[in-house]
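Here's a walk through a multi-chain model, written for someone who'd rather be at the bench. Take a look at the picture first, then read on.

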Amino acid sequence: MLHIINFAHGSILMLALYAGFFLFTLGGVDPYLAVLILAPAFFAGGYLLQRYVIAPVSFGKDTNVLLVTLGLSIIIDNLALYLWTSNTRTIDVGYAQVFVDVGVTAVALPKLIALGAAVLIGILFWLLMTRTDAGKAIRAVSKERQGARIVGINVEHIFALSFGLGSAVVAIAACLLLPTFYVTPQVGNAFVLIAFTTVVLGGMGSFIGALVGGMVLGIVEAYSGLLLGESLGQIGIFVIFILVLLFRPTGLFGQRA
Amino acid sequence: MKKILLVIIVFFLVLPLFVESRFWLGFWTTTLFFALLGQSWNILGGYGGQVSFGHAVFFGTGAYVSAVLQVRLGLDAWTSAAIAVAAGALVGAFIGALSFRYGLRGSYFALVTLAFAEVFRVLANAWDFTGSGFGMLVPMKPGAANLQFADRSWFYYAILLLVVLAYALTWRVERSRFGAYLLAIRENEDAARALGINAFRIKLAAITLSGAMAAMAGVFYIQYYLFVDSHVGYGPAMSVNALLAPLIGGAGTVLGPLIGAVALGSLAELTSLLLGKEPGVNLLAFGVLLLVILRFLPNGLMGLLRGRS
Amino acid sequence: MAVLEISDISKRFGGLLAVSQASLEVQAGRITGLIGPNGAGKTTLFAIIAGFARPDGGSVKFDGREITGMAPHRICRLGLVRTFQIVQPFGALSVRENIAVGSHLHERGRARALQEAEKIARQVGMQAQLDTPAQSLTIAGRKRLELARALATQPRLLLLDEVMAGLTPTEVNEIVAVIRSIRDAGVTILLIEHVMQAVMSLSDDVYVLNQGRIIAHGGPRDIASNAQVIEAYLGRRATHA
């Protein structure tokens, strides 16, 4: 929403995945419960990261933010590599094997839960943005930074708040992902471009867009995997990203003309 | 300034005479390689202000085209090298034409270059023609005609020659109208257009030159290591390496990438010494250095040196 | 023949009609002023003339040649150059290097371009700051640099957008003298200004824009006493002088 490209997004996801993994293997905490721990923790972490690392280092200039978050992602990714090695970790929860019949096919339970959660979060955010003061402040800063500052909105705080919220959502996503996915230090990289593609396709600043974008991409990924084969199939997402940026940068539901 | 330049050149020229160990020769060869790759990024990103996150797309093209032409089509190394460099220029022109025609700037341009690099990576990994998952192996046939040298110090001199040529070219660009226009576009593209600059054409020229130079580095790489796969050639690691040296050393300066490459290479050796050789340690240090530079020395190490003189 | 002829230019931004059927002519060798209350559409008109925005209707002719919708760099090469209301310096470059970018339009060689730049700097009174980085300049310096840069392209028609905004009275007087000397050297000038006494003393001809429409045109004296103009600036009550 704030038009900040956060390159460290994937790295934060990776951290959250590891956090969830360790909570499960060392603490016996079920991933869905881990949400209650990790979401606030990552919210706080994200807030502090933006307020006291990213903002000062980039001097507030948006063009630097990309480089700074790149630096951060390098640090985080390689710290993870150093601490936890590149061995793939997975967790084993009983219900990961449960399949739900949705008429056409059977879907793994965790994936259905993830879908439901995504929709729920989308709705929550929409409510947040339109009904709460904080949400309105975020939208104000998004549209007119100087003006927002003049009416007394603490812009640095708002940016940090947004980052914190984004990180919290990432943490939730990680918990939803954990039952059916694997964890390595490189896992974040795969998601970075997918996340950007989702946002760009859906349109910056639009939650419906992100949801729709995510679904479209999921379908695209599945079909290109089907048509082009396993290795070539990954291309689908990248090609969409390029095409959208070139020909329809506002995405499907975007705001900026 | 000229004196310092002379000292630097002499230093690099006589280096192999004093360096006995294969390790250190390799260190300097690799450092010069990154100085070349970094300069290619510098032209587009440092002078032109168009930050690229996918420079591997040009590098990988140079390495792969050279390898494929030699292995699959039996062409000689020199011809393959020339065609590979031209291929790099072509890829540059292609990506530039699309991106700049549709007005991509800043972060969006950076991400699009990354996306292109990923597309090429997937393609190289999928096609048997490019060796699919196994990569391309160029058979070892030492001899100048094959651009392979039994004596490793010849590789050193080769990369040194390439670096001197590339840096001399960059120096000329800096002092030309093309360079002035590039800087103007970097500082303020709209103002530049208002002053009669065809921004599209200038940026296109920059990315084409940048692509050719990066492909040249790719050609060196394949001749030196005789191996490339999709991860090495088109992966994010090489893209990151391409931008680290100029950013650390000083983007938009001629010597920046060289200084950055030396600094990074030295840092890598230092961290290996202090923290061991576990994977990730080097890059971790690089990431920290990048943030430190961005915060305290936005003009890179060159900024520090300039402040002194 | 007029150097610049604008006919029925209209521009819409979403629901807002920024410029509505505006027509004006700029005669060669003269200084024409474009005034109007804030938000009247003056800068939009400049943007359209210089090729930074496409009009929804109407045409722009430079020396009789249709330039509507042409790319900015081509328009500049034809001899029409604009400055920006919000100054756009090449921050990291020195004053000399900034101006040289303009000089390069007609001078390929670097050394000559830098020499030309120095000449232009003297012409506008910036010779003391030739090696200062543009980002260190005060607002007055930046405005002057903007003017110098545009001048370096050897324009036939110069569009100046509020080049006096934010200047002290002394600085205004200096700039007025510089602008006059530019005109005397043969350059035609169209300027947007709010500093009234400067516009009125400089201009041979004045157009008034209000809410996107040209509401008056004439010599400075006539405009100053024009009821509609006064109303546009001060509101209805103020029309009894």
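What follows goes from the chain contacts to the core, then to chain C and one of its strands.

This is a predicted model, in which local features need pLDDT of at least 70, side-chain atom pairs count only at pLDDT 80 or more, and totals for chains, interfaces and linings use all residues. Residues are numbered from 1 along each chain as its sequence is written, while chains are lettered from A and ligands numbered from 1 in the order in which they are written.

**Who touches whom**

Let's start with contacts, where two residues count if their C-beta atoms, placed from the backbone, lie within 7 Å. Two pairs of chains touch, and the most contacts are between chains A and B. Chains A and C share no contact, and their closest C-alpha atoms lie 11 Å apart.

In the A–B pair, 32 residues of chain B meet 29 residues of chain A. On the chain B side, the elements giving two or more residues are α5 (106-126), α11 (236-249) and α13 (281-296). Helices here are DSSP runs of H or I with at least four residues, strands are runs of E with at least two, and both are numbered from the N terminus. The top contributor on that side is α5(B), with 14 residues.

In the other pair, 22 residues of chain C are in contact with 17 residues of chain B. The chain C side takes two or more residues from each of α2 (72-78), β6 (80-82) and α3 (95-103). Its largest share, four residues, comes from α2(C).

**Inside chain A**

Chain A is assigned domain 1 (9-185) and domain 2 (190-257), with bounds that come from an automatic or database domain assignment. Their C-alpha centres lie 19 Å apart. Nine residues of domain 1 of chain A are in contact with eight residues of domain 2 of chain A. The domain 1 side of this meeting gets at least two residues from each of α1 (9-27) and α4 (109-131) of chain A, and α4(A) gives the most, with five residues.

The table shows the make-up of three contact sides by residue class. Ala, Val, Leu, Ile, Met, Phe, Trp, Tyr, Cys and Pro count as nonpolar, Asp, Glu, Lys and Arg as charged, and the others, Gly among them, as polar.

| Side | Nonpolar | Polar | Charged |
|---|---|---|---|
| Chain B, touching chain A | 24 residues | five residues | three residues |
| Chain C, touching chain B | 11 residues | six residues | five residues |
| Domain 1 of chain A, touching domain 2 of chain A | five residues | four residues | no residues |

**The core**

A nonpolar core is a set of buried Ala, Val, Leu, Ile, Met, Phe, Trp, Tyr and Cys residues joined through C-beta atoms within 7 Å. A residue is buried if 20 or more other C-beta atoms lie within 10 Å of its own, exposed if 12 or fewer, and partly exposed in between, with C-beta atoms placed from the backbone. The largest such core has 259 residues, and A:A16, A:L17 and B:L36 have the most contacts inside it. Helix α9 (residues 199-225) of chain B supplies the largest share, 17 residues. Both domains of chain A, domain 1 (9-185) and domain 2 (190-257), put in at least three residues each.

What does A:A16 contact, leaving aside neighbours within four places in sequence? The list is A:L38, A:F42, A:V170, A:A171 and A:A174.

**Chain C up close**

Chain C has nine helices and 10 strands. Its radius of gyration, taken over C-alpha atoms, is 18 Å, close to the 18 Å that the globule rule gives for 241 residues, so chain C is as compact as a globular protein of that length; the rule is 2.2 Å times the number of residues to the power 0.38. Of those 241 residues, 46% count as buried.

Four strands of chain C make an open antiparallel sheet in the order β2-β1-β4-β5, where strands pair if DSSP finds at least two bridges between them. The edges are β2 (16-26) and β5 (65-66) of chain C, each pairing on one side only. Strands β1 (residues 4-13) and β4 (residues 57-62) of chain C pair over five bridges, and C:S10 has C:G57 in β4(C) as its bridge partner.

C:S7 also sits in strand β1 of chain C. With 15 C-beta neighbours inside 10 Å, C:S7 counts as partly exposed. Beyond residues up to four places away in sequence, C:S7 touches C:S23, C:G58 and C:S59.
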